[in-house]
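Colleague: I would like a close look at a single part of this model, with its partners described one after another.

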Amino acid sequence: MEQLNAWFTELLADNAIFTANTLGYYLDGLGNTVRLVFLSLVIGLLLAVPLAIARGSRRKWIKWPVFFYTYVFRGTPLLIQLYMIYYGVVFIEGIQDTILWVVLKDAFFPALIAFTLNTAAYTTEIFHGAIKATSRGEIEAARAYGMSRGLMMRRIILPSAFRRALPAYGNEVIFMLHASAIASVVTIMDLTGAARFVYARFYAPFDAFLFVAAIYLCLTFAILYLFRYLEKKLLAHLKPING
Amino acid sequence: MIDLQGYGPRLLEGALVTVEVAVLSLLLALVLGLLTASAKLSRHRLLHRIATLYTTLIRGVPDLVLMLLLFFGGQMGVNAITDWLYYQFDVDIFININEFVAGVVTIGFIFGAYMGETFRGAFLAVDSGQLEAGRAYGMSSRLIFRRIQFPQMMRHALPGLGNNWMVLLKTTALVSVIGLSDMVRIAAEATKATHEPFLFMIPVAVIYLLIASVSEWGVARLQKRYNVGFGEADEWNN
Amino acid sequence: MKKLLTLTLLGMFLATGTAEARGTDEVRLAIDVPYEPFVYRTPEGELAGFEIDLGNELCARADLECTWVEQSWDGIIPGLLSRKYDAILSSMAITPERENQVLFSIPYYNTPSVWITRRDRDIDISDKASLEGLSVGVQRGTIRDSYVTQMYGDTLDIRRYSSSQDVANDLVAGRLDLSFEDYPLAVDTFHFNEADSEFKQIGDSIKKPVSIFGKGAAMAFRKRDEALAEKFNAALRDVYADGTFDELMHQYFDYDLSLPVGE
């Protein structure tokens with residue numbers, strides 16, 4: 001350990017760009033990226049479950065607004081959604097005097113709101129598809145047991161839909177991680193923001209951006225393996241017995 | 001009608017830039033995708049490895065980071081090469097990686113990886129019996145590709161290609177970050193200058209939705225065309 | 001297959017941009033627009049401002065054919081090195097980091113930087129403890145970014161923007177507590193010297209340390225273009241000597257930003 005430490009210090013001493021100081025920026029950036037992505041995914045997931053159920057409702061006045069929401073948020077770039085929330089709300093007359101401003105003033109919350117609404121829209125559609133794909137047999141069996149609609153949703157449909165949605169949701173998590181890079185556009189010092197700062201300071205695009213690309217790559221692989229593990233564990237029963 | 005405060009024409013110009021970037025990068029992505037798919041399906045091990053490395057790396061790094069890398073770093077890289085040419089051979093050329101080129105090349109490169117996966121899956125889905133039948137008829141391999149393999153592959157690839165195009169379209173918004181005046185950048189500038197929150201952003205969002213809807217319709221029509229002869233079969237299977 | 005590959009590579013090369021031969025007597029000057037009153041666009045779309053006038057004057061005296069290239073601050077030095085243009089004339093301060101990359105002319109003006117806040121705010125910039133949690137906006141990669149990063153990195157929440165205009169917008173919107181700006185730009189954007197302005201300057205104007213703020217703003221060239229830099233240096237001494245610089249300056253500023261030449 002001691003040796004490793006000494007080797008690392010020496011390595012850092014040799015270059016002008018990756019000093020302890022700039023690495024600190026990358027570390028803070030990592031923290032901000034993880035916080036932003038994690039929070040928006042969790043809140044987005046919580047929003048998506050009821051929305052997905054509503055999306056499959058037979059009542060038009062429930063179904064259509066949800067459809068409209070997912071259509072708009074999936075059909076337009078996240079950057080526009082971020083701009084609308086970050087720059088747009090500022091110019092609403094008198095917003096600075098309301099309590100909302102406490103939340104909107106910082107760059108973090110507008111970005112969190114935009115990311116959450118965006119991922120909730122995609123996740124809603126993923127769950128909706130998974131719910132629709134529930135086999136009729138499962139539903140009939142539940143009915144035969146005399147389950148109420150709510151109970152059936154909770155015990156039968158949702159658990160099996162979640163499992164089926166897992167691979168697609170894993171993709172959405174990776175997409176969200178990558179999409180979060182645009183947070184740097186509204187001054188958030190996320191990983192990409194740190195890279196842009198280091199680049200502007202030293203005019204060294206390769207060092208600044210390749211380094212951050214490597215970090216994103218590691219994060220992507222970590223997510224990928226996490227979901228593979230989850231799939232293996234949760235979808236084991238779907239595999240052929242002798243497979 | 002809505003009063004765009006004089007920004008109307010510039011917004012339209014921006015929309016044109018968006019469409020240009022999208023279409024050109026789509027073409028690049030299709031070419032790269034076909035090359036990647038053939039490399040991945042070939043028995044050549046080196047080609048296979050290069051293609052795998054390409055798709056893995058590209059899909060592991062955010063689009064914006066790749067774009068910044070190419071826009072800011074690409075020029076320095078290209079210069080190192082042209083400078084070397086200049087000193088070695090007295091060949092004096094200057095290759096300009098501007099925002100437009102960086103945008104198109106990055107987006108084309110990123111989606112080339114996704115297209116590669118789509119094409120690979122589609123090639124594998126073509127029934128090998130069909131190719132054998134072609135050979136039995138004495139068709140040349142080129143003719144088999146053109147008459148049998150390609151049309152059938154397209155049938156399997158179209159839903160994936162359509163999907164990739166929709167994502168690509170939205171990705172073009174990122175070129176505004178490196179300074180290209182696409183409709184997103186112009187809308188952002190107009191918003192800041194006029195202090196009108198949604199006057200410019202909403203029309204831009206609507207244009208994106210319009211292009212997406214038109215493409216959806218187009219993909220559905222193409223799908224119908226490539227499905228000719230399979231319609232009845234599908235009904236039978238149901 | 002091979003043919004296809006060759007064609008693709010060729011196509012990519014063509015798509016990668018226009019190959020141009022390097023110009024001769026034509027000089028392309030890069031500038032980050034807008035930076036009022038140094039440079040801005042008139043409603044008709046023409047470039048105007050102090051640095052535009054100054055640059056045109058210098059080119060006329062050096063007998064060079066000049067064209068202006070608009071370039072965002074982020075990419076202005078890489079753009080010079082990559083020959084997108086031949087010189088930068090865009091209020092660029094001479095700093096050691098930049099001197100590693102480019103060749104500077106003699107400085108042609110020097111202005112301090114100032115802290116700006118809303119008039120109703122009561123902030124004491126010298127009391128570091130009281131600054132904890134306040135936000136300041138700066139343009140990314142400027143000397144002002146370096147200054148706040150080095151001096152206030154552990155107290156202030158530093159927000160870095162791509163353009164000075166975005167900083168101004170967020171200060172006006174109330175999203176930022178402070179802005180650290182170049183003096184002339186701050187005068188022009190916030191009118192903080194006028195009684196009815198919403199904004200005010202706090203603390204002293206700042207020009208030091210020289211290790212961060214440098215000796216003033218200068219033109220930047222590629223290191224090997226010493227001859228070109230020398231032509232502009234001569235022209236700069238010339239406009240200073242015959243009073244043209246002062247004349248231009250007074251068209252845009254009611255204070256003095258000139259330097260003793262050769263300093």
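Which residue in β13(C) does C:I88 stand opposite?

Modeller: Bearing in mind that this is a predicted model, the residue of β13(C) that stands opposite C:I88 is C:A220. The strand to which C:A220 belongs, β13 of chain C, spans residues 217-221, and it is mostly covered, with 5 of its 5 residues buried. Strand β6 of chain C, made of residues 87-93, is joined to β13(C) by 4 bridges, and the two run antiparallel. Strand β7 of chain C, which consists of residues 103-104, also pairs with β13(C) in the antiparallel sense, here over 2 bridges. C:A220 appears in this pairing too, as the bridge partner of C:F104.

For a view of other parts, chain A offers a helix contact: the axes of helix α2(A), residues 20-55, and helix α9(A), residues 191-202, come within 7 Å and cross at roughly 155°. Since angles over 145 degrees count as roughly antiparallel, α2(A) and α9(A) are therefore roughly antiparallel to each other. On the α2(A) side the contact is made by A:T22, A:Y25, A:Y26, A:D28, A:G29, A:L30 and A:T33, and on the α9(A) side by A:L191, A:G193, A:A194, A:F197 and A:V198. These contact residues divide into 7 nonpolar, 4 polar and 1 charged.

In chain B, an unreviewed UniProt entry lists residues 15-211 as "domain: ABC transmembrane type-1"; over that stretch the chain is 81% helix and 1% strand, and the end C-alpha atoms are 10 Å apart.

Key: Residues numbered from 1 in each chain as written. Chains lettered and ligands numbered in written order. Predicted model: local features only at pLDDT ≥ 70, side-chain atom pairs only at ≥ 80, totals over all residues. Axes fitted to C-alpha atoms, helices over the stretch in contact; angles between N-to-C directions. Parallel < 35°, antiparallel > 145°, perpendicular 65-115°, else oblique. Contact = placed C-beta atoms within 7 Å. Nonpolar A, V, L, I, M, F, W, Y, C, P; charged D, E, K, R; others polar. Buried ≥ 20, exposed ≤ 12 C-beta atoms within 10 Å, placed from the backbone. Pairing = 2+ DSSP bridges. UniProt positions renumbered as here; feature names shortened; annotations may be inferred.
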